[in-house]
Amino acid sequence: MRRTSLRTDRLLVIGAGPVGLAMADALKQRGVAFDLIDASDGVGGLWRHGVYQGVHIVSSKKSTAYTHYPMPAHYPDFPSSTQILRYLENFTHDRDLGPHIELQRKVVRAQPLADESWQVRFDDGEKRTYRGIVVCNGHHWDRRMPRYPGRFTGGFIHSADYREPKQLQGQRVLVIGGGNSGCDIACEAARVGVSCDWSLRSGYWFLPKTAFGRPLTDLPIWNLPVFMQRIILRALISVFIGDYRRYGLQKPDHKLFERHPAFGTDVLNYLRQGRIRPRADIARFSGTRVHFTDGSVGEYDLVVAATGFNNSIPFLPKGLVSIENNVPQLYGGAFSHAVKNLYVIGAAQPRNGFGSLVAPAAKLFAELIEMQDEMELPIGYVLKEQGMRLPTTPLIDPGAARREIHLANWTLWMFKKQAQKIAETKPRPPFDPSLYEFVGDEDGPVAVNQ
């Protein structure tokens, strides 16, 4: 028999990673009742089970730590995954979040009801009805796999499946993709593999992790306008790295920050040593052979696809939160215009560490969530009517975001008044949950919002 319960006095926070923990702390500080769940066996999200052995963060401990909870002084500038996990566990303990947490609980459906409360079903069949849901399920779990003609008959894994150098040892490895994971795995394959080739579809921006003896993310440039950040960083690239083509790489075909840059120069050093061989984009697979677009051919035992992840929220009804170009279409970075009491937080990525933004953002979101109870319209609907644009990129400019958060904190009272006026002049029809139903029956497949 399925268990059911009403918890309409509280919110459900889904995901106990860095963002979910920050949101839980912010709600707790404001006295907002909530439950915090995670499908894993502990807090930490990606840092508990989703990273490979020996990985270190690419942003500094200063820019990664919560602004109100610094990392220990003895941590290095770029802590390991083990240290980050310990930091998050200590934060959970010190902020007394443990009593709110339920582990190994997976949400399979979250359905808005007519009164815009939310019925949630878990994988064990239990149902609960909550006042609202705060989705912090992260974006490094739904693997994006590359598609090329032909079939590769050797080993083929996504970077999310890579855990330790033993997987690469004695292998002829081809790494696809130029992000931070691609760089790290290519370097590891250069150390322990028979050979390592690195296929890039286009040119990427590679930034040094340090400059002038300091972590790059700690330099006082991130509050400057983006065009000035680009000028300064291109000057640093010219000094510390030089022309990427000297390493056998393509020239970037996009402006800096239009896509996520990679931090670190280890991979460039291995290129100059000949331990990593750059390759063009893949044309097709043929058994264990890979044909590239420049006409060259290579033979491999293992292909590692460091090709990123899809932004997805599989437990929501189809169409409730649309995703375009892998960017959830949310106003203010968190709010749906269609329904109240749905908050999707952490879908975007700050360019220089999550801590400096997630803590002040969580505090602001907690205030808005509390304000939503006094508003007739969804926060996202009000923002839409005010002319706010939807995001076009998953990357956040940290300086601009901090300024927006600061301004919003000073103008919340004005926002509330404007929401009341919009409710009077542009009322919304009553919410109709039948417009957002799942495909299939009660126990059938859920709809995925893609």
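This passage walks through a helix, the nonpolar cores, the empty spaces and three single residues of a predicted model.

Helix H5 is a good place to start. It runs over residues 180-192, and at 1.5 Å a residue its 13 residues should span 18 Å; the C-alpha atoms at its ends sit 19 Å apart, which agrees. A good part of H5 is tucked away: Gly 182, Cys 183, Ile 185, Ala 186, Cys 187, Glu 188, Ala 189 and Ala 190 are buried. The cover over these buried residues includes several strands, namely S8 (172-176), S9 (195-199), S10 (206-207), S13 (262-263) and S18 (302-305), along with helix H7 (266-273).

H5 turns up again in the second largest pocket, where it supplies the largest share of the lining, 6 residues. In total 19 residues line this pocket, and Asp 184, Cys 187, Arg 191, Lys 209 and Asp 266 are the ones nearest its centre. H5 and H7 are the elements that give two or more residues to the lining. The volume of this pocket comes to about 370 Å³. Cys 187 thus appears twice, as a buried residue of H5 and as one of the residues nearest the pocket centre.

As for space that is closed off, a search of the whole structure turns up 1 cavity of 30 Å³ or more. The largest cavity has a volume of about 70 Å³. Its lining is made up of Val 135, Asn 137, Gly 138, Asn 311, Ser 312, Ile 313, Ile 323, Pro 328, Val 344, Ile 345, Gly 346 and Ala 347.

Turning to the packing, the largest nonpolar core takes in 103 residues, and Tyr 66 and Trp 198 have the most contacts inside it. Helix H8 (residues 355-372) contributes the largest share of this core, with 11 residues. Another core, of 23 residues, lies apart from it and has Ile 313, Phe 315, Leu 316 and Leu 342 among its members. Ile 313 is also one of the residues lining the largest cavity.

Three single residues are worth a look. Arg 131 sits in strand S6 (residues 127-135). Its relative accessible area is 18%, so Arg 131 counts as buried, the cut-off being under 20%. The side chain of Arg 131 meets that of Asp 373 in a polar contact of 3.4 Å. Beyond its sequence neighbours within four places, Arg 131 is in contact with a stretch from Arg 7 through Thr 8, Asp 9 and Arg 10 to Leu 11, and also with Val 32, Glu 116, Ser 117, Trp 118, Asn 341, Ile 369 and Asp 373.

Glu 299, in strand S17 (residues 297-299), is partly exposed, with a relative accessible area of 40%. Its side chain makes a polar contact of 3.0 Å with the side chain of Thr 288. These two residues are 11 residues apart along the chain, while their C-alpha atoms are separated by 5.6 Å. Leaving out neighbours within four places in sequence, Glu 299 is in contact with Arg 172 and Arg 289 as well as Thr 288.

His 260 belongs to the loop between helix H6 (226-240) and S13. With a relative accessible area of 30%, His 260 is partly exposed. Not counting residues up to four places away in sequence, His 260 touches Gln 349, Pro 350 and Leu 395. From His 260 to Gln 229 it is 31 residues in sequence and 14 Å in space, C-alpha to C-alpha.

Definitions and conventions:
Residues numbered from 1 in each chain as written. Predicted model: local features only at pLDDT ≥ 70, side-chain atom pairs only at ≥ 80, totals over all residues. Heavy atoms only, no water. Helix = DSSP H or I, 4+ residues; strand = E, 2+ residues; numbered from the N terminus. Expected span 1.5 Å × (residues − 1). Buried < 20%, exposed > 50% of the residue type's maximum accessible area, 1.4 Å probe, protein only. Contact = heavy atoms within 4.5 Å. Polar contact = N/O pair within 3.5 Å; in protein donor to acceptor, adjacent residues only side chain to side chain. Core = buried A, V, L, I, M, F, W, Y, C linked by side-chain atoms within 4.5 Å. 1 Å grid on protein atoms, 1.4 Å probe; cavity = no way out; pocket = protein on both sides within 12 Å on 5 of 7 lines; lining within 4 Å. Points joined across faces, edges and corners; volume = space filled by probe spheres on them.
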